[in-house]
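Here's a walk through a protein model, taken one feature at a time. Keep the picture open as you read.

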Amino acid sequence: MTDLEASGWQEQLCFLGLVGMSDPPRDEAIQAVRTCQQAGVIVKMVTGDHAETARAIGQSIGLLEAGNGASEVVTGSQIEAATDAELLELACSTNVFARVAPEHKLRLVKALQADGQVVAMTGDGVNDAPALKRAEIGVAMGINGTAVAREASDIVLADDNFASISAAVEEGRRVYDNLSKSLAFVLPTSLGQAMVILVAVLFFPVTDGHLLMPIEPVQILWVNLVVAIALALPLALEAREPGLMNRAPRPPKEPLLSPFLVFRTFLVAALMTAGAAGLFLFEYASDLSEGVAVELARGRAQSVAVTTIILFQMLYLLNCRSLSQTFWRIGLATNLWVYLGMAVTLILQLAFVYLEPLNQLFHTQPMDPGGWLMAAGAAFVGFLVILLEKWLWRQNGTPPDIRPPCGFHV
């Protein structure tokens, strides 16, 4: 080495150029970060790279832009020197962490959890395993991730793409939203039928030693079968609502049956009970006044009551396509299964009313056009009342959004 230095060969070198390598974030990853931020999911980057490298990446993907909650990069040495209280403040106010060790990642996860946040941690190496295990949702890379990381995680990304996490959050919100819509549709049906029976027990007369019932058990079975199969199932196929990813995250401890859902259940059940019981009494009294036999009058009146319940549910299904918006605002053709279900329901109800075998099985009688008009009118009134309720919510500035849960990505 001494001989080489003495020869002066360095003076004969000629500078030809400088080679640099760049591994920029993918466009879909940048868009996914932006989507998560709009959805209230706080995205944080934790890396072992140099602070300036982390800063450049953070700026390129929008983690260090003004208004995103952080403008500085915190290093592992700062995390190590911070007390638990100081780390809690750093973890909540900073989006980019650099030069971190495995124990630093674990402390960050614990600090965010201490702040009451739900943490989703992504990682691919052995050093990520403790934090992946500690987080509520551990997400490992399926392609480049180690076996240890995959074993410690709850979810494995098959494509190692952050955009898949954003898509999973969106799909999770859609499923949760549809579950809430299904509950808002199914619960009033059961409660409404129970209220119809309760009203009959409390207020209806007893004729020939038998309580006058607007709906019999076998007819209740018919309603439940038709509604559960033809009307409730299409809600599970409902497309995501516009603005779904712009809603605020739902608090983790918020119950599935929110106060709004309970209120909507009792409102719809009361409307359905009033329509079915009221039309039953009207039809029954009208037939008796015309000299119709008691058995025949009761069968006609029960047919009207059951048809009122079915038509009421058909129109209410349209209102359940969105719990806060009108159904035409979310798109008339985004879920054609709803209209197919309504058509099947109407055909089945026509068979229920006019086919002799079903009349004998369910103790019903054919209805005249007037009965159909009354049933449709009662159902339409209920439909308008729910539309009015939605409008009042929106006018007060507190639409009843059923906000799906989402986590925080570290």
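Let's begin on the surface of this predicted model, where Leu-237, Trp-337, Leu-340, Val-344 and Leu-348 come together as a nonpolar patch. Taken together, these five side chains' residues offer about 450 Å² of accessible area. One of them, Val-344, sits in helix 13, the run covering residues 336-354. How open is Val-344? Its relative accessibility is 34%, and since anything between the 20% limit for buried and the 50% limit for exposed falls in the middle class, Val-344 counts as partly exposed.

Now turn to the sheet. Three strands make it up, and it is an open one, with the strands lying in the order 1-3-2 and pairing in parallel. That order puts strand 1 (45-46) and strand 2 (73-75) at the edges; each has a single partner strand, so one side of each has no neighbour in the sheet. If you look at how strand 2 meets strand 3 (residues 96-98), you'll find the two running parallel and joined by three bridges. For a spot to zoom in on, try Val-73, which stands opposite Val-96 in strand 3.

Last stop: the cysteines. A disulfide is a covalent bond linking the sulfur atoms of two cysteines. How many disulfides does a search of the whole structure find? The count is zero. Two cysteines are still worth a look for their surroundings. Cys-92, at 32% relative accessibility, counts as partly exposed, whereas Cys-320, at 0%, counts as buried.

Conventions: Residues are numbered from 1 along each chain as its sequence is written. This is a predicted model: local features need pLDDT of at least 70, side-chain atom pairs count only at pLDDT 80 or more; totals for chains, interfaces and linings use all residues. Side-chain values use heavy atoms; hydrogens and water are left out. Two strands pair if DSSP finds at least two bridges between them. Helices (H or I, at least four residues) and strands (E, at least two) are DSSP runs, numbered from the N terminus. Patches are made of residues with over 30% relative accessible area and no salt bridge: like charges are joined within 9 Å, nonpolar side chains (Val, Leu, Ile, Met, Phe, Trp, Tyr) within 5 Å. Accessible areas come from the Shrake-Rupley method with a 1.4 Å probe; for residues, only the protein chains shown count as cover. A salt bridge is a side-chain nitrogen of Lys or Arg within 4 Å of a carboxyl oxygen of Asp or Glu. Buried means under 20% relative accessible area, exposed over 50%, partly exposed in between (1.4 Å probe, protein chains only). A disulfide is a pair of cysteine sulfur atoms within 2.5 Å.
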